[in-house]
Amino acid sequence: MALLADYRVAATPGRGVLEVYDSDAYLGDSAALDAAEQQVVAGNGYHLYLLSLQPAIEVQVAIRIWDTVPEVPADAEGHVPVSIESETAILVVNQLESGPAGEIPLPRPGVYEGHAWWSGRQAAAAYYDSYLDQGIEDWTLEQTRSYLTQCPTQERYVLDLAFTREPEPLDEDEADL
């Protein structure tokens, strides 16, 4: 199996949520977001939602494109199968409260399937909870930033994907938009 592309971006999960979607897929999906609350990462084919347990510590999002998707690492905290269709060959990693963290070019338009896995999620949440236990009412913004950037564990989400097929053709109603 060969790694074809490896893109990484740092993002802050405002309200505990990050999105990954095709650059032309603007509408969210509340059912997929609800599913992410149960399984950490969930989607509807065009959007993926990644659910952190904390809203303020920067996380790493990696999207790796393979010729054949590798096994999930043994040290992953969890994993789920995922699929995302991109008509534009550009995925956006979006922070709900502050907008896009980055755009990630794919090798070509199409449907990509594989799995999402994560690590450091529990440890980052525990560190964030320790911040809340500090009596932070009188802290300056600089003290807060300093504390949160010192989290000893990097929370990360990895999408290991492989191209599986061309995108679905637009139907007449979609083509007229």
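In this predicted model, the largest nonpolar core brings together 27 residues, and those touching the most other members are V20, V41, L50, I63, V93 and L161. Several elements give two or more residues to this core: strand 1 (3-11), strand 2 (17-22), strand 4 (47-51), strand 5 (59-66), strand 6 (78-86), strand 7 (90-95), strand 9 (110-119) and strand 10 (156-165). Strand 5 is the one that gives the most, with four residues. As background, nonpolar side chains tend to be buried together in soluble globular proteins. A good way into the core is V20, which touches Y46, H47, L48, L50, I63, I84, L91, V92, V93 and L159 when residues up to four places away in sequence are not counted. Apart from the largest core lies another one, made of nine residues, including A124, Y128, Y131 and C151.

With the core in view, the overall layout can be followed. The protein has four helices and ten strands. Read from the N terminus on, these elements come in the order β-β-α-β-β-β-β-β-β-β-α-α-β-α. The C-alpha trace spans about 55 × 40 × 25 Å along its principal axes. A compact globule with 177 residues would have a radius of gyration near 16 Å, and the 17 Å of the protein agrees with that. Of the 177 residues, 45% count as buried. Contacts also reach along the chain: among those between residues at least 6 apart in sequence, 81% join residues at least 24 apart.

One residue that ties back to V20 is L159, found in strand 10. L159 counts as buried because its relative accessibility is 1%, where the cut-off for buried is under 20%. Leaving aside neighbours within four places in sequence, L159 is in contact with V20, L48, A62, I63, R64, H115 and A116. Along the chain L159 and E113 are 46 residues apart, while their C-alpha atoms are separated by 9.2 Å.

The aromatic residues come next. The structure holds six aromatic pairs. Y127 and Y147 form one that is stacked, with 4.9 Å from centre to centre and 15 degrees between the planes. This pair links distant parts of the chain, since Y127 belongs to helix 2 (residues 121-132) and Y147 to helix 3 (residues 141-149), 20 residues apart. Y127 and Y147 are both buried. The rings of Y128 and Y131 make a tilted pair, because their centres are 5.7 Å apart and their planes stand at 45 degrees. Y128 and Y131 are three residues apart in helix 2, so about one helical turn separates them. Y128 and Y131 are buried as well. Through ring pairs, Y127, Y128, Y131, W139 and Y147 are linked into a cluster. Another ring has a charged partner: the charged end of R108 sits over the ring of F163, at 3.4 Å from its centre.

Helix 3, which holds Y147, has two contrasting sides. Its buried residues are T144, Y147 and L148. These residues lie on the same side of helix 3, because they cover an arc of only 95 degrees around the axis. The buried residues of helix 3 pack against helix 2. On the face turned away from the buried side, helix 3 carries the exposed residues E142 and T149.

Two serines round off the picture. S119 has its place in strand 9. With a relative accessibility of 17%, S119 counts as buried, because the cut-off is under 20%. Not counting residues up to four places away in sequence, S119 touches E77, Q154, E155 and R156. S30, by contrast, counts as exposed, with a relative accessibility of 58%. S30 lies in helix 1 (residues 30-39). From S30 to N44 there are 14 residues in sequence, and the C-alpha to C-alpha distance in space is 9.7 Å.

Key
Residues are numbered from 1 along each chain as its sequence is written. This is a predicted model: local features need pLDDT of at least 70, side-chain atom pairs count only at pLDDT 80 or more; totals for chains, interfaces and linings use all residues. Side-chain values use heavy atoms; hydrogens and water are left out. A nonpolar core is a set of buried Ala, Val, Leu, Ile, Met, Phe, Trp, Tyr and Cys residues joined through side-chain atoms within 4.5 Å. Buried means under 20% relative accessible area, exposed over 50%, partly exposed in between (1.4 Å probe, protein chains only). Contact means heavy atoms within 4.5 Å. Rings of Phe, Tyr and Trp (its six-membered ring) pair if their centres lie within 6.5 Å; planes under 30 degrees apart count as stacked, over 60 as edge-to-face and the rest as tilted. A charge sits over a ring if NZ of Lys or CZ of Arg is within 6 Å of the ring centre and within 35 degrees of the ring normal. The arc is that of the directions from the helix axis to the C-beta atoms. The radius of gyration is taken over C-alpha atoms; the globule rule is 2.2 Å times the number of residues to the power 0.38.
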